[in-house]
Amino acid sequence: MSRVLATIFSLLLLLLTLNFIGCEGDQGVQGPEGPQGPDGEDGADASNDPPGDMYFGMAIGNNSGYNHNGKHLLRLTFNQDETPSGDVVVCYKLDKPPVIDGQDKGEDDWGSDFFSTGSTIPLNTLRGADSRIGQAEMRAGYDDEYVYFMVRWQEVRIETTLTVYPDPINYPDSTINVDSTLFNNTADWSPQRWKFSVSDLSWAQQAKDEDRLLLYWDISGVSGWSSLGSSLIYHGADSSLYLDGSGLVDVWHWKAGKTGLIGFFDDEVVSSDGLIADQGSPAFVPNYTMTETGPLPRWMHRLDPAGNDNFSPPLYLYDTTPFISLADWRDNNTILGYVAVLPLGGRSDIESSPSDAAWEAGSNYWTVEFRRPRNTGHGDDVRF
Amino acid sequence: MKLRSLNSVWLLLFLVVVAVFIGCEGSDGPAGAVGDEGERGNPGSDWTIEPPLDRIFGLAVFNGRTDAHNGNATLLLTSDTTSDLDGHTVIMTRVNRAPVIDGIDDGDDVWGDYLANLELDRTGLRDNYIFSADMRAAYDEDYVYFMVRWTEVANGSASVGENDEWRTWSYDGDDWSRNSAYDDRVSFLWLIKGAFEDVVDWNTDGCRIACHANQTQGMFTLTDTTKIDSWVWGSVISNPIGFAIDAQIGVQLPGDVTGFRQDVGERIYLENVYTTEDPDTVRPAFQHKEDPNSNASYPMWSWEITGFDISDRDWAAGASVPGIVTNYPSSSAADILAKGHYDNGTWTVELRRVRVTDNSDDVEF
């Protein structure tokens, strides 16, 4: 009996042992992944941010290199929250570049998330006679590579009383009277055109200028620029521009005939030593040569050797042939005063809409659109 | 009794087996705890303007003769501003305002105050006795800028003065011939591929391995794996247009005497030579279309020329025609803006190029 009990007891003990072993169920599933650690510190973004506020001056000439209406001090801001005004031009970050075609397509060209409106800038007479161009509209934008601008103004024909004013560029020896043909409401893009007079068989250059737009930018931290702007630039007795003070001022100079017709601004720089062109080759060559009998055109259009040269500008160099003075010239035949070539180097930095596309005949508006690289790598250019 | 005991044992064994089976079906354990939070990510990289890599380059200056140039084949260009200006080292500084490329030194205010005075020695067949040159270098995010200044020395056939003609043609009443006039120049040689350490002996011999190694004429590299970017500014060939020649030097190709090949695009000048197999008929290829019979004046622009008229024109004895035609460059041939200014025996030449042109025939900075 005791053996049976011992056996039973042993078996029970075995059973308990087995139960202990058998009760170790499978390990539970792995717990969920812990939360993501915090982000590392941000690196600094690429520094293609625009600069701070910049001050500039603007001038507009109607058929004149001297008589300018404009504004000496304007502020260009890249602060997208500012409101454009008569003193402030907001340069918007653009999603796509505008088409530089001389057509203000509004939001289609200049639109962005921040787009509101351009600036309407009241203009004053800066120098010489009042051209009555009283305001200009201006838009500005930028992307990583370029800054873009549009300036639009209406020309006014003056048919009122004559005014006396000095013009040391075109008439250095005297003051002259403004006549109704100086300030007109036509596109002036044939400066110093040659005209033949059959009465004395002579060629003479007409005292016509061209329509112009100028923007002045501080390159080197000119003292007083942020408060006085382009009023620091003055016209010297030698008809050149000078800067009152030390430093350099970038001059963007759109000339409707000499540069605008082939789609460029001239690029110049003014200092206390005077105004000089940037390094590079210009967009124009004077059509002028001095002969034993006096000045004459150097070239004429190659397709009009007989002389009735009424081709419209631009007259490209590749369309010229040497001038023939003994051709069958007729009274009032004309030849352009400048010949167009492609600019190079620092004088090709500012691309614009061609003048003939930028002019609205009838309403007499200029709509000049232009762009420039933010960094040209030229020390004679302002950097954005 | 025995039988009952056995039955009990079997019953118990059966129960044990059943219990074991039942006992093995234990429940799964509880799920593990949530893991620890991950570590903080690495900081982002700041945007920086990386300075150009250190480079060994060659430089040579010329005074009116192609075979007489003094230079230095192993100059170091570095952005390490702690380097010594030891006569063989040029230190680049980062500038916020670009120098004006007009051949006039804008000074320390624009370039930074690391004006190198380089030691030069004869590197051509003849000595021109110019044994030093000043040099500045700078960069920004888009461009590199250089200035080189040297003073000419009168010695032997070398004279001091602004050379303003290049192999000019003249007519003696019977034949046309060219003189030997050459311009004042400065040239740079840069290794295009990789760093200079990649080319055997470049760090010790520099451009010598390319331009004058076992060569009696022409310039070429000895191995196809070596290509050199060559910049050449000349007072006649390039200064009027405001650019420098952009070329590369590679191996000599079959039929060529040189491995010097100008970059793709319109070149800044055309040599004004109409070549024929008969040496007696060699003559200018072009003449000025308005004033062909005048004494030659430089530059004669590409838009001023017409084909040379040898048959009909009554050329006057003493008439001359420029040896080159100045042209508008384009594409990769227009990469290097350069302008020199001569003042009282000293040339100052400034150059600017984008750091990366995306043209495979150019060195990258």
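**Confidence, chain A**

I started with the pLDDT of chain A, the predictor's confidence in each residue, from 0 to 100. Chain A averages 86, and 85% of its residues score at least 70. I then looked up the weak spot. Over residues 171-176 of chain A the pLDDT is below 50. Beyond near neighbours in sequence, this stretch has six contacts in the model. I noted the cut-off: two residues are in contact if their C-beta atoms, placed from the backbone, lie within 7 Å. Where pLDDT is low, the predicted coordinates should not be read in detail.

I wrote down the ground rules too. This is a predicted model, in which local features need pLDDT of at least 70 and side-chain atom pairs count only at pLDDT 80 or more, while totals for chains, interfaces and linings use all residues. Residues are numbered from 1 along each chain as its sequence is written, and chains are lettered from A and ligands numbered from 1 in the order in which they are written.

**Domains, chain A**

I looked up the domain assignment; domain bounds come from an automatic or database assignment. Domain 1 of chain A takes in 54-159 + 210-278 + 345-373. Domain 2 of chain A takes in 164-207 + 287-322.

Next I checked where they touch. From domain 1 of chain A, 27 residues are in contact with 19 residues of domain 2 of chain A. On the domain 1 side, I found eight nonpolar, 12 polar and seven charged residues. The classes are simple: Ala, Val, Leu, Ile, Met, Phe, Trp, Tyr, Cys and Pro count as nonpolar, Asp, Glu, Lys and Arg as charged, and the others, Gly among them, as polar.

**Strand 1, chain A**

Strands here are DSSP runs of E, at least two residues, and helices are runs of H or I, at least four, numbered from the N terminus. A residue is buried if 20 or more other C-beta atoms lie within 10 Å of its own, exposed if 12 or fewer, and partly exposed in between; C-beta atoms are placed from the backbone.

Why is strand 1 (residues 54-61) of chain A described as largely enclosed by the rest of the structure? Seven of its eight residues are buried, so the label follows.

I traced its partners. Two strands pair if DSSP finds at least two bridges between them. Strand 1 of chain A pairs with strand 2 (residues 68-77) of chain A, antiparallel, over seven bridges. In this pair Tyr55(A) stands opposite Arg75(A). Six residues lie between the strands of this hairpin, where Asn63(A) takes a positive phi near 60°. Strand 1 of chain A also pairs with strand 12 (residues 212-218) of chain A, antiparallel, over six bridges. There Ala59(A) has Leu214(A) as its bridge partner.

**A three-strand sheet, chain A**

I found an open sheet in the order 11-10-24 in chain A, with antiparallel pairing. Strand 11 (202-205) and strand 24 (334-335) of chain A stand at the edges, each with a single partner strand, so one side of each has no neighbour in the sheet. Four bridges join strand 10 (residues 194-197) of chain A to strand 11 of chain A. Trp194(A) is matched with Gln205(A).

**Chain B**

I counted four helices and 20 strands in chain B. Of its 365 residues, 38% are buried.

I turned to strand 1 (residues 55-63) of chain B. Eight of its nine residues are buried, so strand 1 of chain B is largely enclosed by the rest of the structure. Seven antiparallel bridges link strand 1 of chain B to strand 2 (residues 69-78) of chain B. Ala60(B) is matched with Gly71(B). Gly64(B), in the hairpin of these strands, takes a positive phi near 75°. Strand 10 (residues 184-191) of chain B also joins strand 1 of chain B through seven bridges, antiparallel. Leu59(B) stands opposite Phe188(B).

I then looked at the open sheet 9-8-17 of chain B, with antiparallel pairing. Its edge strands are strand 9 (176-178) and strand 17 (320-321) of chain B. Strand 8 (residues 169-171) of chain B pairs with strand 9 of chain B over three bridges. Tyr171(B) stands opposite Trp176(B).

**One residue: Tyr274(B)**

Tyr274(B) sits in the loop between strand 14 (269-271) and strand 15 (286-288) of chain B. Is Tyr274(B) buried or partly exposed? Tyr274(B) is partly exposed, because 14 other C-beta atoms lie within 10 Å. Beyond four places in sequence, its contacts include Val282(B) and Phe308(B).
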